[in-house]
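Work through the exercises below with the sequence and coordinates open. Each task is followed by a stepwise solution.

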Amino acid sequence: MSDKNYDIIVIGAGCGGLSAAVCAAKEGKKVLLLERHNAPGGFVSSFVRGRFEFDISLQQLCGFSQDAEHGELRQLFDKLNITNKIEWVKIPEAYRLISKSADGSEIDAIMPYGIEEYIDAMEYYVPGSKKSMKKLFELADEIEKGFNFIAETNGSTTLKEKRRFNKENENFVRTAPYSVNEVLNALEVPLKAREIFNAHWMHFGIDCDRMSFVHYANTINFLIKYGSSIPKNRSNAITMALLGEFEDNGGEARFNSHVMRILFNDGKASGVILKSGEKIECNHIICTCSPTTAYAKMMKKSDIPVTAVKRTNARNYGARGACVYIGLNRSPEELGIEDYLVYITDSADTASQYTLMKLIDTNNAIKAICLNIANPDCSPSGTTILCLSTFYTDNCWANIPPEGYFDEKDLLAARLIAAYEQKTGVTIHNNIEELEVATPVTFARYTGTPQGTVYGYLGDDWDSLLPRVMTEATDCDTKGLRFCGGWGAQLTGVDAAVVTGRNAAFATIADIDEERSINNE
Amino acid sequence: MSNRIIVRSPVKDVRNFTNIPEMRKGVIKEAPETPLNANNAVNSIANFLHPPTQFLKVKQVAEISKDTRAYILEPDTAHGTAKLAYFRPGQSISVILEIGSAIVTRAFTICSSPTRSLDDEYVIIVKKKPDGFASDFILNTWRKGTQISASAPFGEFYYQALRDSKKIIGISDNYGISPFLSMAEAIADGSLNLDLTLIFAARKQNEAIMSERLNELAEKSAHFKVVYVFSDEHVFKCERGFVTKSLIEKYATSSKFSIFVSGTQTLYNRVVPQIAELKLENKYIRFAANGKIENPASLPDFPKDAIDKTFLCKVVHNGKNIATVPCKATETLLTSLERDGVKVPSHCSSGECGFCRSKVIKGNVFIPDGVDSRRLADSSYGVIHPCCSYPMSDLTIVIS
């Protein structure tokens, strides 16, 4: 047993866990942060091969800028005192989409930041799209206001407030129940413009026939309006800054500390047991691993409420990730790489593409990021960092025999490199100096995530952002145990993780205060 | 406010919004109560390939030479390891050794083929090193039945078809032969598809370990060749002298080839200038991680005034000061801590894998050029890899 009394134990030092830990520590709580890996970050981390340092998963912080205070992430980073501890670089353009339209024509569109510029570019690629695109972005602004209202009231509103909300955010209300494509249809956005607008769907892991319109439109609006940034020294700069702030505020972090059990006493969380056998008592736990893992592996059956079992059974896993990290021995100019982010898909119809991504053999979808375009000094002069990532919409990596795994990994890399070369016309295969491949198995290994899932639970229509946020209170059915991070209420992304981390910290602090006031009575 | 947007109908749209919470609760209500299961194939594969610990047993010991033995290792099923983790030829395992009051971790490259691991066997070769604390211990104490705690296979010294040339010139000495043996075994059993020509440098013919097996494999496969270079004697059909640029060129049958080097620092110091003269692109040259630097004080950038000094290193773990250890400036922090019995996580001892990742909260260390594979942000937050860091003052470090 430990000789210290902790107010809160946080399991997992990914962005969600770090955020929860810092927020609670800054409020004066005694916090122990436990991480099974030997470094912080979870998915938001990096690794070194030869002369290259690769970011594992960070693509961009949407809407984040050092120059302007937009959005919850920036506000939270300011509050946590880390914005200025990190050197940031801006992403120069939004994205390029190379794909095939459902009407049979080829798509190759480079989309800029700035709403006007974006709408103009769309008009260039899809003549006649301007009017509907304008309407779409106006609607997106209303949606932003709606989300701000929800964030400010934290979902718990009185009936009067609800009425006011419904009245003031009429178009938010009217479009919130529907999928991206259903609303884009209603707005009469032309097919091809819809396809170009939907290119970011890969970042969410669910096709636009099912993805929540308000969630997607809000994110894209934010991204196009404000641009995006990344840390110059890779995402590890974010996690190290968060960890430093946590420790400066009296927090204790332990690495190589794998939590095996979450203990309950009388229906309330009472502590954890580590792999080393050490037992640490604590009545408040914030967990960043999947609820599925926590319930099935870390808790006694009798400690799991029936509602939690049913909710978990109702949910599906989101996308399982894979990425080929390539260090090239030529500069982007020499190779002819001009874009930071290119989405390459066989079909711009997201539902068809989603189906193709169920199997290893039919999945040629790529999200290609060339870090040097945004961050020219990220690798030695005359070299390039290129990451080709994809994801799987089914559990197809489960069928690989372990002894065939390395071959399958190499095949995946070969397939994505060939598809990238064919679709972009850029030749890279003669210049590969370092190459590393992460598959769903790799992600399962490092983070313990079920099936190598990288996007938490699937944001299906009934389980998308808004339904989750509107029922958040009833989702917390284990006393003293809250969840945050990529498996939390706001789906995935650094912003979602840190926001849910903060929410979990404040909700837990409220739990502690409530307990104290009861005990004092 | 802009115009009202109608998606399905004015009434339905609002009703559907109001119903969102109930809709979600409804789906959950309909879900089954089947017990949850987080075990699945992908996580099982991950665990099979990368178990946190492999519990092994010595199955057999084979005498290779008077100071070299091969150990055949098998899973120690009684301790919970049912199958050996599969690996890539060239990868290593680290073993944890308790030697008196010291706890040391040493990496050994598996010299057998991955195919053999499917039949529950890894082979590692242990050769006595001058002042070899760990090699002496293993040679003196490991026998049939000895239980070993080992890591999963790790390391980056393997053939990667998309990166390397399919024709590889391997350069090795007696201490670096294991990865090439594993590759040659795998080429011979058909599980590895490449052409390997190994240039094996030794002083004399009778000192080149495992040469019989290498010759057998070369006979068995057209894709593996071995060339011996003896510095101290003439041997029929073998080269005399050292590994030079012209020797490499002589055996590189095509203009496109990759060079893989594995061995001691002495070999590396000798071949680096020779390889440089070949003017190959960086991507075609790969060195195996070969443990700690043999004589760090001789490095040009090593702070000369610290050479004879010993400092005190306070070690913090889980928020507690667990030891204060005297550390010589010319020894890695890891070596000093291990000798003192401090259990530090580590694998490669070469600065590459980052498993020993620790944080300096007071004091300075010297990290030689070229071994520092720390991440950018880690470096700026005082993170070090103790396996390649030398104390330059009294220190306080936090280990995980």
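Two residues are in contact if their C-beta atoms, placed from the backbone, lie within 7 Å. The model used here is predicted.

**Exercise 1.** Determine which residues Ile285(A) touches, leaving out residues up to four places away in sequence.

Solution.
- Step 1. Apply the 7 Å cut-off between C-beta atoms.
- Step 2. With residues up to four places away in sequence left out, the partners of Ile285(A) are Ile9(A), Ile11(A), Ile262(A), Ala269(A), Val272(A), Gly480(A) and Leu481(A).
- Step 3. Place Ile285(A) in its core: the largest nonpolar core has 182 residues, and Ile285(A) is listed with Ile9(A), Ala21(A), Val324(A) and Leu388(A) as those with the most contacts inside it.
- Step 4. A second core, separate from this one, has 96 residues, including Leu73(B), Ala85(B), Met210(B) and Val325(B).
- Step 5. As background, nonpolar side chains in soluble globular proteins tend to be buried together.

**Exercise 2.** Describe the contact between chain A and chain B, then the make-up of the chain A side.

Solution.
- Step 1. The contact involves 73 residues of chain A and 58 residues of chain B.
- Step 2. On the chain A side, helix H12 (residues 306–314) gives the most, with seven residues.
- Step 3. Sorted by class, that side of chain A holds 36 nonpolar, 18 polar and 19 charged residues.

**Exercise 3.** State the domains of chain A and analyse how domain 1 of chain A meets domain 2 of chain A.

Solution.
- Step 1. The domain assignment splits chain A into domain 1 (8–46 + 71–87 + 233–316 + 458–520), domain 2 (113–225) and domain 3 (319–450).
- Step 2. Taken over C-alpha atoms, the centres of domains 1 and 2 of chain A are separated by 29 Å.
- Step 3. Domain 1 of chain A puts 13 residues into the contact, and domain 2 of chain A puts in 14 residues.
- Step 4. On the domain 1 side, helices H2 (71–79), H18 (465–470) and H19 (472–475) of chain A each supply at least two residues; the largest share, four residues, is from H18(A).
- Step 5. The classes on this side of domain 1 of chain A are six nonpolar, three polar and four charged.

**Exercise 4.** Repeat the analysis for domain 1 and domain 3 of chain B.

Solution.
- Step 1. The domain assignment for chain B lists domain 1 (48–150), domain 2 (167–287) and domain 3 (298–398).
- Step 2. Between the centres of domain 1 and domain 3 of chain B, over C-alpha atoms, lie 26 Å.
- Step 3. The contact joins seven residues of domain 1 of chain B to eight residues of domain 3 of chain B.
- Step 4. Strand E4 (residues 102–109) of chain B contributes the largest share of the domain 1 side, five residues.
- Step 5. That side of domain 1 of chain B has four nonpolar, three polar and no charged residues.

How values were computed
Residues are numbered from 1 along each chain as its sequence is written. Chains are lettered from A and ligands numbered from 1 in the order in which they are written. This is a predicted model: local features need pLDDT of at least 70, side-chain atom pairs count only at pLDDT 80 or more; totals for chains, interfaces and linings use all residues. Ala, Val, Leu, Ile, Met, Phe, Trp, Tyr, Cys and Pro count as nonpolar, Asp, Glu, Lys and Arg as charged, and the others, Gly among them, as polar. Domain bounds come from an automatic or database domain assignment. A nonpolar core is a set of buried Ala, Val, Leu, Ile, Met, Phe, Trp, Tyr and Cys residues joined through C-beta atoms within 7 Å. A residue is buried if 20 or more other C-beta atoms lie within 10 Å of its own, exposed if 12 or fewer, and partly exposed in between; C-beta atoms are placed from the backbone.
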